[in-house]
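Hi,

Here's the structure I promised to pass on. Have a look at it first, and then read my notes below.

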Amino acid sequence: MNPWRLRLLSRLDTLGTVRAVAQAANLSPSSVSQQLAVLEAETRTQLIERTGRRVRLTPAGLILARRARAILDHMNSVEAELRGFGEEPAGLVRLGAFQSAIHTMAVPAVSRLAREHPHLDVELLELEPHASMPALRGGDADIIITTTDFDELPLGPDLDLVPLATDPVLLVVPPEHPAAGRGAVDLAAYADEPWAFDIPQSYMANLALRLCRQSSFEPRVVCRFSNYMMTLQHVEAGLSIALLPGLAVDRRYRVATRELATPVTRTITAAIRRGSPPRAAVRAVLEALRHHPELPLPDGE
């Protein structure tokens, strides 16, 4: 069986449609369908059922798709062992991280790894929690930095977790705003303010909306940005206020932050696929991510 075709089948299980697989693999939908048909011929087994313009995996296809992840991970592990007999971390590790963790956690870790392990290559991917978990499960990332608090897409028993840090959620306001003093704030006092939100269905958009509704108001959203720097610029200009994780607040922007009267924190964790022991390169990246003395560790660490 061709490993590349196995990865396409695994992606189909994770992403659900041929079109989504094609976009992830930079192929046309017809090319993906053709390669999956070749895989069916190689295995002499029907792997896909076609109902109109949609497809779904057969029971045999589901089994092969889920076993394929372990097969592909094992192949990567063997390749790394052959390169350095498992002693020196080597090869490619794809690290997915959400936006605010990239400059605070991922980039410092990758910089240290470049000095300490010259044969190790880390490909850094910006992936928010709603996208990083499917990427990890589908084999498009080897490690992700995510949060255990994303209720819409929970972490399951198929993943191993490495706690990294905790991060408070803060109210961010312009520097001249009346709320720019000291002390914790009650969100209900800001029900009439213009709000800056993340894009719909993202972790922070869902969390901010939930916190506002728990304070008995529907926020008046005046802008949505997928980039925290744009959000901070908007707040700095006096056009909105926002709820942001502490890691996202870049001190280069003139904004004020206030803690919430009812504290909210997110737990930041690294996740890898559960299965065979992680290869040396993956272990090295995990260890580098854990080395961040400037960030608070989760309780019990």
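Let's begin at the start of helix α1, where a side-chain oxygen of Asn2 comes to within 2.8 Å of the backbone nitrogen of Trp4. Keep in mind as you read that this is a predicted model.

Helix α1 itself covers residues 3-15, so to speak a run of 13 residues. From first C-alpha to last it reaches 18 Å, close to the 18 Å expected at 1.5 Å a residue. Its buried residues are Arg5, Leu6, Arg7, Leu8, Leu9, Ser10, Arg11, Leu12 and Asp13. After α1 comes Gly16, with a positive phi near 95 degrees.

Now move along to strand β7 (residues 194-197) and strand β8 (residues 220-224). They pair in the parallel sense, over four bridges. If you want a spot to find on screen, look for Trp195, which stands opposite Val221 in β8. Helix α7 (residues 203-214) joins the picture too: β7, α7 and β8 make a right-handed β-α-β unit.

Last, the cysteines. How many disulfides does a search of the whole structure find? Zero. Why is there no bond for Cys212? Because its closest cysteine sulfur, in Cys223, is 13 Å away, which is too far. A disulfide needs the two sulfurs within 2.5 Å. Seen from Cys223, the closest cysteine sulfur is the one in Cys212, again 13 Å off and too far for a bond. Cys212 counts as buried because its relative accessibility is 0%, and Cys223 counts as buried at 10%.

Have fun with it!

How values were computed:
Residues numbered from 1 in each chain as written. Predicted model: local features only at pLDDT ≥ 70, side-chain atom pairs only at ≥ 80, totals over all residues. Heavy atoms only, no water. Buried < 20%, exposed > 50% of the residue type's maximum accessible area, 1.4 Å probe, protein only. Pairing = 2+ DSSP bridges. Helix = DSSP H or I, 4+ residues; strand = E, 2+ residues; numbered from the N terminus. Right-handed = clockwise from strand over helix to strand, strands pointing away. Expected span 1.5 Å × (residues − 1). Polar contact = N/O pair within 3.5 Å; in protein donor to acceptor, adjacent residues only side chain to side chain.
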